[in-house]
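Morning, everyone. I'd like to take a few minutes on one structure. Please have a look at it first.

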Amino acid sequence: MSPFDGNPENIFEIINIVPQQGPGGIFAPSCEAAISLALSEINSGAGILGRELRVTHIDGGREPHVVAGEVSALLATGMVAAVTGWHTSAVRRAVEQVTAGRVPYLFATDHEGSDAAAPDGLFMIGADPGHQILPALDWLQRSFEARRWAIIGNDYVWPRRTAQAIRATLLDPELIPLEMFVPMGTRDFRRFLSDPLLDQADGIIVLLVGADVARFNLQFSRTGRSDQQVRVSPAVDENVLLAAGGGANHNLFVPSGFFVNGPHDRERLDRYHKLHGWFAPSLTNFSNTSYEAIHTLRGMAELAGSMDVRRIQRAVADRPVIETPWGEVGFEGNQAIRPTWMARAGGVDFEILDGI
């Protein structure tokens, strides 16, 4: 039985934005299931500041302005306390314009880095390049002497800005002989895979989303390049491995803050299966980040003694460490800092190799 009385005045309503269509739709079941675990854990106790937490899921796979319009309409009701979710940076940039200064917005996706003047109340729970892909490239250079990279990405802000950060770090433009950006939903990657400049690369940086990554990995594996060229991508989880099939994932490396076989993560997975059963969607990095965003929100509210966006922002600035069930989460500005691990795909699972 719920410890709450169902009175609307004793409820905090949160909007969760996750793609339910398009390439990113592959992650929706996992993200929604992980969030329901966070809700169960929070509401089985004192909720947030003594109030029950509820979540409304909306489709983040639509055009960014459409998603932002729905968020704006829901905020206008005065009943929404926060926004979170796994979705693209293109959607985030539209949504942050309508949430700014109104409610906390916890973006639970790995991203290209936030602008210097981030909107009030925006918190980046996913990793930025400096804490993820850039250390991964350094590790691959030390471990496999991979220095020259080809980049394939979707044509929007996250891949393009991440590629800029990579170029700025590598310094020498000759270390990136091939760079190509394709529309979301691309099904045929032959133009990239047949480009003679690809032969000059030691590896490929894959900055595609969801089903696009799986399709690319499958087509790449058929070229016979997997033994000679490594791939690295921050956009791969168990859903992507399964979608491509085990044979497509040879020599694929993934930097991530969470793997189900990682340190201290087994107990969380056990709770997840106890709630949803053993045939639940995979608990992956992307869904786990959505889970962690909900618990981080609770920690922020408790630190501030309020869900008011300005009080939360001041509290995090004054004490940039949030207590959560899995330990402390530090913040540098509006960016959450989490440990990152490097793993190698083995069929449809991951083998953790090192902390980076």
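I'll go through the cavities, then one helix contact. Keep in mind that this is a predicted model.

Cavities, then. How many are there of 30 Å³ or more? The structure holds 3.

Take the largest cavity. Its volume is about 120 Å³. It is lined by 14 residues, and the closest to its centre are Trp86, Thr109, Asp110, Trp158 and Ala235. What is the lining like by class? It has 9 nonpolar residues, 4 polar and 1 charged.

On to the second largest cavity. This one encloses about 60 Å³ of space. Its lining includes Ile125, Gly126, Ala127, Asp128 and His131. Gly257 lines it too. So does a run from Gln335 through Ala336, Ile337, Arg338 and Pro339 to Thr340. By class, that lining has 5 nonpolar, 5 polar and 2 charged residues.

Now the helices. Find helix 3, residues 89-99, and helix 5, residues 157-170. Their axes come within 7 Å and cross at roughly 105°. Angles of 65 to 115 degrees count as roughly perpendicular, so helix 3 is roughly perpendicular to helix 5.

Which residues make the contact? From helix 3, they are Ser89, Ala90 and Arg93. Helix 5 brings Val157, Trp158 and Arg161. Sorted by class, the contact has 3 nonpolar residues, 1 polar and 2 charged.

One residue to look at again is Trp158. It is in the contact, on the helix 5 side, and it is also among the residues closest to the centre of the largest cavity.

Methods
Residues numbered from 1 in each chain as written. Predicted model: local features only at pLDDT ≥ 70, side-chain atom pairs only at ≥ 80, totals over all residues. Heavy atoms only, no water. 1 Å grid on protein atoms, 1.4 Å probe; cavity = no way out; pocket = protein on both sides within 12 Å on 5 of 7 lines; lining within 4 Å. Points joined across faces, edges and corners; volume = space filled by probe spheres on them. Nonpolar A, V, L, I, M, F, W, Y, C, P; charged D, E, K, R; others polar. Axes fitted to C-alpha atoms, helices over the stretch in contact; angles between N-to-C directions. Helix = DSSP H or I, 4+ residues; strand = E, 2+ residues; numbered from the N terminus. Parallel < 35°, antiparallel > 145°, perpendicular 65-115°, else oblique. Contact = heavy atoms within 4.5 Å.
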